[in-house]
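Hi,

Here is the structure I promised to pass along. Have a look at it first, and my notes follow underneath.

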Amino acid sequence: MTDDTRRARAGLFTAFAGLGVTAAFVPAILPSAERAMTADLSAAVPALFAGLLVGVLASGPLLTRQPPRIALILGSALQAAAIVVVALSGTPSVFIVAAAIAGVGFGLVEASGSVAAKSLAAGSATGLLSALLGTVAVCAAVTPLLVAVGSPARALLGILAIVPLLTVAILSAAAAPSAHVEVPAQRDVRGLLVLLPFAVALPLYVGVETVLSGWSAVIPERILAVDPGLAALGTSAFWTLMAIGRFGAAGLRRLSVSPIAILAGATSVAALLMAAAGMLVDSAPVGALVALAAVVVLLAPSYGLILGLALDRLDPARSAAVTGALVACGAVGGTFAPTLILLIGRDPASSTTFFASAVLCALVPALVLVAARSPQRTSTAN
């Protein structure tokens, strides 16, 4: 392995570590920021995912003209700047705009990081991608602990920007790309037509996950009326439960359990438990939180399973073109679901939030079962 390859891999790992920090930092700091500003900042969650959608869409033309390294540097720099602004912000509008900018950086890194991982992998990219996603989960679980400790002095939490800044420093020092770097395939939206059930299921799932992750600190704070610093640990708990669910699904796959069975069964039970949380939130808040914890574990592997099942139906050439469009579909869900829920119920911790999320959950297994009847593989031929 050459020095340039080692540097590129190191930069990729710090880039995904930065994704973990961003994914957890904004939700975890919401309760303390709301108390400091005496304002409701729930809109920061859909703003974060709206920015993510913009970043994913912007990555398309950028990656067709520049190597992934450029998008990784730009996305990491945007996240670093946004983290500092979020930590220092004193008004709701600045906080929400900074959350949106963090999302743009997140989207750029998520899209370009997948392309870079494929080019750096010696064989299959699955091993490297698994390690990178593990890095995201670990950093996302640790970040709320730091937020909980530092919430009394919120401005000091801007130091977390050092993680994405490491990516900028490492990749800026990398050698200029060779003239023979392969240009990634452009997004092929038409390819989604044969994957319509998956393309609809993905944003529904991401929408529910966004409700749980984006308000993972706000929900326990409002249900249990706990201190904002303690509530930040809800985000750490969310990511820990996500890791349990993902590793559990991986174990079931090693036992040759069908991914369709895992996905349909887990999301069906999750829908029931989400509805149960809606019924219990007022009368038995602790029981509602226990039900939500189980929902997180059950939903954890859904994103990878939906995306993987969709790409299994495509040949390699079409897969490369469609992946970005599928990721964009997920980002749409992350934007519209929290926004819709805020418009309907106005409170992330209300029974309306959980009932609406249960309906979205219930649609996923139905779509997956419909998709299971479609042809196993499509060709690139028109």
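When α3 passes α6, is the crossing left-handed or right-handed? It is a left-handed crossing. Bear in mind that this is a predicted model, so everything below is computed from it.

Some more on that pair. Helix α3 covers residues 68-88 and helix α6 covers residues 162-172. The two pack at an angle of about 150°, and their axes are 8 Å apart. Angles over 145 degrees count as roughly antiparallel, so α3 is roughly antiparallel to α6.

If you want to click through the contact, these are the residues to pick:
- from α3: Arg69, Leu72, Ile73, Ser76, Ala77, Gln79, Ala80 and Ile83
- from α6: Pro164, Leu165, Thr167, Val168, Leu171 and Ser172

By type, the residues of this contact come out as 9 nonpolar, 4 polar and 1 charged.

The other helix I looked at is α7, residues 196-214. With 19 residues at 1.5 Å a residue, α7 should span 27 Å, and its end C-alpha atoms are indeed 27 Å apart, so the two agree. As for its surroundings, 17 of the 19 residues of α7 are buried, which means the helix is largely enclosed by the rest of the structure.

Now the whole protein. It has 15 helices and 0 strands. There are 382 residues, and 53% of them count as buried. Taking the contacts with a separation of 6 or more, 85% are between residues 24 or more positions apart.

Cheers

Terms used
Residues numbered from 1 in each chain as written. Predicted model: local features only at pLDDT ≥ 70, side-chain atom pairs only at ≥ 80, totals over all residues. Heavy atoms only, no water. Helix = DSSP H or I, 4+ residues; strand = E, 2+ residues; numbered from the N terminus. Expected span 1.5 Å × (residues − 1). Buried < 20%, exposed > 50% of the residue type's maximum accessible area, 1.4 Å probe, protein only. Axes fitted to C-alpha atoms, helices over the stretch in contact; angles between N-to-C directions. Parallel < 35°, antiparallel > 145°, perpendicular 65-115°, else oblique. Left-handed = near helix turned anticlockwise from the far one by under 90°. Contact = heavy atoms within 4.5 Å. Nonpolar A, V, L, I, M, F, W, Y, C, P; charged D, E, K, R; others polar.
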